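User: I have a protein to look over before going to the bench. Can you walk me through what the coordinates show?

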Amino acid sequence: MKNNTSLVYNFWLVLGDGLAIIAAFVAAYVLRVSLSHVALSADVHARDYVVALISLLPFWILIFGLLGLYNARVYDKRFSEFGRLLIGSFIGILFVISYSYIDNVTIFPARLVTVYGFGLVFFFSLLFRTIARAVRRELFVFGVGINNVLIVGDTAISHELIRSLANTGVTGYRVVGLVGGVKHPGKTGHGVPVYATLNSAIETIGDQSLHTIVQTELYADADRNDAVLNYAQENHIAYRFVPGNSELFVGKIEVDLFSSVPVIAVHQTALIGWGRVVKRLTDITLGGALLVLASPLMLFIGLLQMLSGTGSVFFRQTR
């Protein structure tokens, strides 16, 4: 069953971001208009200013949404969220400026209001999300918002997942069972129950208590694999598959179509296509520029080497 706590968390994020944006521009207005004695470029009443921003607020939230800031995959990726907030704040302020220009409506009483607004939107949104993340983790301690995980497959990765997700109060995940744990008896750890089949696990755990299925190995019988995936889809349970080949994780992974068949393409480096062209151009331009800058020093050192008579200027080595 889908974990509805993520929807509740999203709701609070949307609400908090909206309040952060409005608070940021109110603070920007106060800093530039109320606290500064420098002449303004336009006479914009505070009420008209706030009403205009509130009317444009849904579009700003939509920008945040398109950048993935309300995606569950971004919740625990602090650096990614930081970058997306910065980009979203910049695009949002550009949108408001563009709207003011196209509709010929004066929204900002001074140029510095836009600068203050951009910085404060980013700061207030980041501050709110930091507090929201802390509150969310505190709720994990009381069992609120926990994501119950069932692991299907008996591999070393299965037991590594059990160990890494053991601290439910921090991770927000609780491993409720391991299906097929016969290769590593006694190594499930942390009291995770072991089930022989998926059906036996479902009968014990129940549909309503299961939120995520992680399959760590493929069965030789394709029907058994289909049964796991179909059960997850039919019951709105998140499904994830961990490839058994660890070499897949060292390269750049892309899902592609190969003659109309879905495949996983693994590129060992990013130097393919335009990436290779960009790298070569960078090598030539940057390397050439640095070589020109360093050439006087290299010439001076070469002359000192020749005058000292301690050896050749050039290094030679047989390989």
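User: How many helices and strands are there in the protein?

Analyst: Keep in mind that this is a predicted model. Its secondary structure mixes both kinds of element. The count is nine helices and seven strands.

User: What share of the residues counts as buried?

Analyst: Buried here means under 20% relative accessible area. The protein has 319 residues. The buried share of them is 33%.

User: How much of the accessible surface belongs to carbon and sulfur atoms?

Analyst: The accessible surface of the protein comes to about 20300 Å². The part that belongs to carbon and sulfur atoms is 66%.

User: Among contacts between residues at least 6 apart in sequence, what percentage joins residues at least 24 apart?

Analyst: Start with the contacts in the protein whose residues are at least 6 apart in sequence. Then keep those that join residues at least 24 apart. That leaves 70%.

User: How many salt bridges does a search of the whole structure find?

Analyst: A pair qualifies when a side-chain nitrogen of Lys or Arg is within 4 Å of a carboxyl oxygen of Asp or Glu. Glu81 and Arg78 are one such pair, with their closest N and O atoms 3.2 Å apart. The search of the whole structure gives a total of six.

User: Where do Glu81 and Arg78 lie?

Analyst: The two residues are three apart in sequence, about one turn of the helix. They share one element, residues 78–102. That element is helix α3.

User: Is Arg78 buried or partly exposed?

Analyst: Its partner Glu81 has a relative accessible area of 3%, so Glu81 is buried. Arg78 has 34% relative accessibility. Buried requires under 20% and exposed over 50%, so Arg78 is partly exposed.

User: How far apart in sequence are the parts that Glu81 and Arg129 tie together?

Analyst: Glu81 also forms a salt bridge with Arg129, and the closest N and O atoms are 2.8 Å apart. Glu81 lies in helix α3, while Arg129 lies in helix α4, residues 111–141. The pair therefore ties together parts separated in sequence by 48 residues.

User: What about Arg133: how many residues apart in sequence are the parts it ties together with Glu81?

Analyst: Glu81 and Arg133 form a salt bridge with their closest N and O atoms 2.8 Å apart. Arg133 lies in helix α4 and Glu81 in helix α3, so this pair also links separate parts of the chain. The separation is 52 residues.

User: Which residues do salt bridges with shared partners join into one network?

Analyst: Glu81 pairs with Arg129. Glu81 also pairs with Arg133, and both Glu81 and Arg133 are buried. Shared partners make one network of Asp17, Arg78, Glu81, Arg129 and Arg133.

User: At what angle do the axes of helix α1 and helix α2 cross?

Analyst: Two packed helices are described by the angle and the distance between their axes. Helix α1 spans residues 5–34 and helix α2 residues 46–66. Their axes come within 10 Å, and the crossing is right-handed. The angle is roughly 140°.

User: Which residues does Val14 touch, not counting those up to four places away in sequence?

Analyst: Val14 is in helix α1 and is among the residues there that meet α2. At 33% relative accessibility, Val14 is partly exposed. Leaving out residues up to four places away in sequence, Val14 touches Ile61 and Tyr70.

User: And which residues does Asn10 touch, with the residues up to four places away not counted?

Analyst: Asn10 is also placed in helix α1. Its relative accessible area is 17%, so Asn10 is buried. Outside four places in sequence, Asn10 touches Tyr70 and Tyr75.

User: What is the area of the nonpolar surface patch that includes Val135?

Analyst: Val135 lies in helix α4. Its relative accessible area is 45%, so Val135 is partly exposed. Patch residues need over 30%, and Val135 joins Phe123, Leu127, Ile131, Leu139, Val141, Phe142 and Val144 in the patch. The patch covers about 770 Å².

User: How far apart in space are Ser209 and Val149, C-alpha to C-alpha?

Analyst: Ser209 lies in the loop between α7 and β4. Ser209 is partly exposed, at 33% relative accessibility. Ser209 and Val149 are 60 residues apart in sequence. In space, their C-alpha distance is 9.2 Å.

Notes:
Residues numbered from 1 in each chain as written. Predicted model: local features only at pLDDT ≥ 70, side-chain atom pairs only at ≥ 80, totals over all residues. Heavy atoms only, no water. Helix = DSSP H or I, 4+ residues; strand = E, 2+ residues; numbered from the N terminus. Buried < 20%, exposed > 50% of the residue type's maximum accessible area, 1.4 Å probe, protein only. Patch = residues over 30% accessible without salt bridge, like charges linked within 9 Å, V, L, I, M, F, W, Y side chains within 5 Å. Areas by Shrake-Rupley, 256 points an atom, 1.4 Å probe, with all protein chains shown as cover. Axes fitted to C-alpha atoms, helices over the stretch in contact; angles between N-to-C directions. Left-handed = near helix turned anticlockwise from the far one by under 90°. Contact = heavy atoms within 4.5 Å.
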